[in-house]
Amino acid sequence: ESQQTILITGSNGRIGRLLSARLTKPGRHIRLLDIVHDPSNIPQGAEFVSGSVTDAQVVEQAAAGVDVIVHLAGIAAEAQWESILDTNVHGTWCVLEAARKIGVPRVILASSNHAAGMLRRSDLGADTQNPLRVCDAHPAPDSYYGFSKTAMESLGRLFVAKTPGLCVVAVRIGSCWAEPRNKRALSIWLSPDDFARLVEAVLQPAVTGYHCVWGVSRNTRRWWSLEEGEAIGFRPVDDAEVFAHRVGSPRDETTAALVADELDYVGGVFPSWELGIHG
Ligand code: 15L
């Protein structure tokens, strides 16, 4: 059997840095694509391609012979419309179009909770006992950034419909850092190890077609469902609760009120930001 190849776009971004080494294993080739070249972030044996995800030709070349594209490249917060459109929407098109054209069988799209950020937990009646499924969290972007993620999910579904044999899994990532950084993250943290588990799950031949799943660990305070992820074999094991003692509590009442809202919206603080301006 020939060696498996994984292409990671945005390999020098926050999540790319956490994932590339975790996906490295014998019999597998890792190719990294980024506009930033950082020699210290290239795992042994990995190959680095310098270029932008918004350049269709660059992406097509980088995708040659690849088994799965893990598409992480993009602006990771609210920004001006033109930048969001080019980097996040057009960049995602470049990835999906390359996959369609040269027959890459699998693509993982880094979507975000901000695709449904305006939804409120209190309106939905969601809680740890009755966690919110993706199919009940329709697109409700909280920012241009969130809009680009709904566009990403929708493009993924379109390309699957038009491309026989293509599998696309859009992951609505909660908060992916080495450790959860605040109270909200105790519910929505996706541990880097669990993200790597998700990639391994998507590589299984049984996973076909289009799927959208929450990218969230098995957190005690989780109110987003694992159901859709488990249906494609994603079984997260980490729990943010083990870090709860390190996450501080709000200092004053104003902060406490803001935190209450932040904990109610799927999108945390993003819903309170002005359009196009990074809060
Ligand atoms: C995201 O989509 C951002 O990329 C990330 O920086 C965090 O803000 C995260 O969501 C979050 O909601 O915590």
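Which residues are around the ligand? I began with this question, keeping in mind that the model is predicted, and I listed Ala76, Ala77, Ser112, Asn113, His114, Ser175 and Gly268 as the residues around the ligand. Sorting this shell by character, I counted two nonpolar and five polar residues, and no charged residue.

Entry on the sheet. I next traced the strands and found that seven of them form an open sheet, in the order S3-S2-S1-S4-S5-S6-S7, with parallel pairing. The edges are strand S3 (47-50) and S7, each of which pairs on one side only. From one strand to the next, I noted a twist that averages 20°. As a reminder to myself, strands of a sheet pair through backbone hydrogen bonds, either parallel or antiparallel.

Entry on S4. I looked up which way the side chains of strand S4 point, and I found Val68 and Val70 on one side and Ile69 and His71 on the other, all of them buried. Strand S1 (residues 4-9) runs parallel to S4 and is joined to it by four bridges, and I noted that Thr9 has His71 of S4 as its bridge partner. Four bridges also join S4 to S5, again with the two strands running parallel, and here Val68 stands opposite Arg106 in S5.

Entry on S5, S6 and S7. I followed Arg106 onward and found that its bridge partner in S6 is Cys167. Strand S5 (residues 106-112) and S6 run parallel and are joined by seven bridges, and within this pairing I also located Ser111 opposite Arg172 in S6. Towards strand S7 (residues 210-215), S6 makes six bridges, with the two strands running parallel, and Ala170 stands opposite Cys212 in S7.

Is S6 mostly covered or mostly open? I checked strand S6 (residues 167-173) and found it mostly covered, with seven of its seven residues buried. I then separated the two faces and recorded Cys167, Val169, Val171 and Ile173 on one side, with Val168, Ala170 and Arg172 on the other, so that I could note both faces as covered. Arg172, the residue opposite Ser111, is thus among the buried residues of S6.

Entry on the helices. Two packed helices are described by the angle between their axes and the distance between the axes, and I used both for the pairs below. For helix H3 (residues 81-102) and helix H5 (residues 144-162), I found axes that come within 10 Å and cross at roughly 15°. Because the angle is under 35 degrees, H3 counts as roughly parallel to H5. I noted the crossing of H3 and H5 as right-handed.

How do helix H1 and helix H7 lie, and what is the angle at which their axes cross? The axes of H1 (residues 14-23) and H7 (residues 192-202) come within 9 Å and cross at roughly 60°. I therefore wrote these two helices down as oblique to each other, and their crossing, too, is right-handed.

Entry on Ile75. I placed Ile75 in the loop between strand S4 (68-71) and H3. Is Ile75 buried or partly exposed? I recorded Ile75 as partly exposed, because it has 18 C-beta neighbours inside 10 Å, whereas 20 or more would make a residue buried. Finally, I looked up Ile75 against Phe243, which lies 168 residues apart from it along the chain, and found their C-alpha atoms separated by 28 Å.

Definitions and conventions:
Residues are numbered from 1 along each chain as its sequence is written. This is a predicted model: local features need pLDDT of at least 70, side-chain atom pairs count only at pLDDT 80 or more; totals for chains, interfaces and linings use all residues. A residue is near a molecule or strand if its C-beta atom, placed from the backbone, lies within 6 Å of it. Ala, Val, Leu, Ile, Met, Phe, Trp, Tyr, Cys and Pro count as nonpolar, Asp, Glu, Lys and Arg as charged, and the others, Gly among them, as polar. A residue is buried if 20 or more other C-beta atoms lie within 10 Å of its own, exposed if 12 or fewer, and partly exposed in between; C-beta atoms are placed from the backbone. Two strands pair if DSSP finds at least two bridges between them. Axes are lines fitted to C-alpha atoms, for helices over the stretch in contact, and angles run from 0 to 180 degrees between N-to-C directions. Angles under 35 degrees count as roughly parallel, over 145 as roughly antiparallel, 65 to 115 as roughly perpendicular and the rest as oblique. A crossing is left-handed if the near helix is turned anticlockwise from the far one by less than a right angle, and right-handed if clockwise.
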